[in-house]
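Let's walk through this model together, moving from charged pairs to the ligand and then to the surface. Keep the structure open beside the text as you read.

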Amino acid sequence: MITPPPRVDAGIFQRVLDRMPDPAGRSEAAALESELATTFGAAHAVTVSSGTAALHTALVACGIGAGDEVLLPAATVMMTVAAVQESGAHPIFVDAAPGGGMDLHDLQSKITERTRAILAVHLGGRCDGVRELAALATHRRLMLIEDACQAQGSRHHGQLAGTMGDVGCFSLKDGKIYAAGEGGYLLTDDPVIAARAAAYRTHWSIPADGQAAGSRLGRNYRLPELSAALARHHLTGFETALARRRAQAALLVDLVGDLPGLQTIGSGAGEEPNGYSALWRLTLADPRAFAVHLVQAGVPNSVGSFGLCAASAHPACQALNPAPCPAAEHMIDHLLAVVLSAADTEQDLRIRAKTIQREATAWTQQTA
Ligand SMILES: Cc1ncc(COP(=O)(O)O)c(C=O)c1O
């Protein structure tokens with residue numbers, strides 16, 4: 001049974017508006033930060049204006065910049081690459097392992113004297129192999145930053161995604177399991193990273209590292225107070241939202257059932273994914289064209305709707321002169337990640353399942 005999300009009482013916004021301009025500065029965002037830290041078991045949370053801002057701020061707060069190299073999976077979204085480039089560091093793409101995480105042999109072969117960090121991306125809420133990655137990062141004295149924008153509530157061996165490295169980055173964009181329209185946040189146990197992140201997101205006006213306020217250039221990456229109020233409201237319903245998304249993904253996979261051309265992607269050892277998307281591996285002909293065709297038939301998905309493409313093969317990344325990452329490119333080209341939202345009812349999912357069955361069967365027959 002998929003229960004719809006409760007409606008938001010507009011009174012939560014009036015409380016914020018009545019206080020503007022807020023003499024305390026950032027009352028809602030500050031309250032949200034302590035609630036996020038408590039809810040997700042981190043020592044510090046720093047709110048920012050988006051998931052991309054969270055990634056950029058995390059890199060800067062970890063001291064990463066021009067001349068440095070950051071290892072990240074080729075199987076990622078463009079926002080991760082953009083954040084690394086914005087920090088001034090050079091993104092180095094790592095090929096995919098069969099479980100979907102980074103290929104550790106490829107990763108190790110790409111570590112140089114300039115490598116400063118590994119940026120793990122938990123695409124589709126999956127975080128297979130992140131514990132091994134954390135051990136490797138510690139062993140090689142590299143920072144581990146997690147892009148957990150799609151992985152709120154996912155766990156690996158019981159530990160929450162975004163709390164297994166030095167800093168975890170999250171998006172509050174609508175469509176995420178826990179969202180506020182736009183926004184983002186970082187989680188970290190390191191007080192120095194937290195202080196630098198808070199300073200950077202507010203033009204370095206809050207001093208960090210014992211430096212004077214305004215002694216460095218930062219950004220306005222602040223989370224607006226109205227968004228913070230909405231995020232505080234939704235945080236109280238986080239576990240319900242997580243259970244709903246897991247139920248939606250499981251129901252859709254179940255309704256589609258066994259179908260030639262589609263293999264469900266199961267969880268790896270110790271993995272408890274959040275059900276961010278319903279996931280299949282496509283084994284039918286011309287899978288990218290099929291993904292686009294499904295969007296036209298009413299089934300939104302990452303490749304068809306957003307043009308998801310491995311970064312090593314993405315036109316926007318070719319100026320970075322990336323090495324080919326054939327396994328990641330094949331994996332993304334054959335991925336069907338159906339986009340889910342809190343508003344999707346059981347009826348919506350039944351219609352979508354029938355559409356997938358009908359279109360996959362017709363596609364297989366036409367291309368046989
Ligand atoms: C994996 C991943 N990283 C980063 C981002 C960027 O987040 P935002 O859109 O809030 O900047 C997203 C957003 O979709 C994402 O899915």
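A salt bridge is a side-chain nitrogen of Lys or Arg within 4 Å of a carboxyl oxygen of Asp or Glu. Before we use that, a word on the source: this is a predicted model, where local features need pLDDT of at least 70, side-chain atom pairs count only at pLDDT 80 or more, and totals for chains, interfaces and linings use all residues. Residues are numbered from 1 along each chain as its sequence is written, and side-chain values use heavy atoms, with hydrogens and water left out.

The structure holds 18 salt bridges. A good place to begin is glutamate 28, whose side chain meets that of arginine 232 in a salt bridge at 3.1 Å, N to O. This pair links distant parts of the chain, with arginine 232 in helix α8 (residues 225–235) and glutamate 28 in helix α2, 204 residues apart; helices here are DSSP runs of H or I with at least four residues, strands are runs of E with at least two, and both are numbered from the N terminus. Glutamate 28 also forms a salt bridge with arginine 15, the closest N and O atoms being 3.3 Å apart.

How covered is glutamate 28 by the protein, buried or exposed? It is buried, with a relative accessible area of 2%, while arginine 232 is partly exposed at 24%. Buried means under 20% relative accessible area, exposed over 50% and partly exposed in between, using a 1.4 Å probe and protein chains only.

Another salt bridge joins arginine 352 to aspartate 344, with the closest N and O atoms 2.9 Å apart. Salt bridges that share partners join Arg15, Arg19, Asp22, Glu28, Glu35 and Arg232 into one network. Aspartate 344 itself lies in the loop between β13 (335–339) and α13 (346–366).

Now turn to the ligand. Among the residues that surround it are Ser50, Leu55, Met79 and Gln150, where near means that a heavy atom lies within 4 Å. Helix α3 (residues 51–61) gives the most to this shell, with three residues. On the polar side, a nitrogen atom of the ligand is 2.7 Å from an N or O atom in the side chain of aspartate 147, and an oxygen atom of the ligand is 2.7 Å from one in the side chain of lysine 176.

Finally, look at leucine 17, which lies in helix α1 (residues 11–19). Leucine 17 is partly exposed, with a relative accessible area of 40%.

Note on methods
A polar contact is a pair of N or O atoms within 3.5 Å; within protein, one must be able to donate a hydrogen and the other to accept it, and residues adjacent in sequence count only if both atoms are side-chain atoms.
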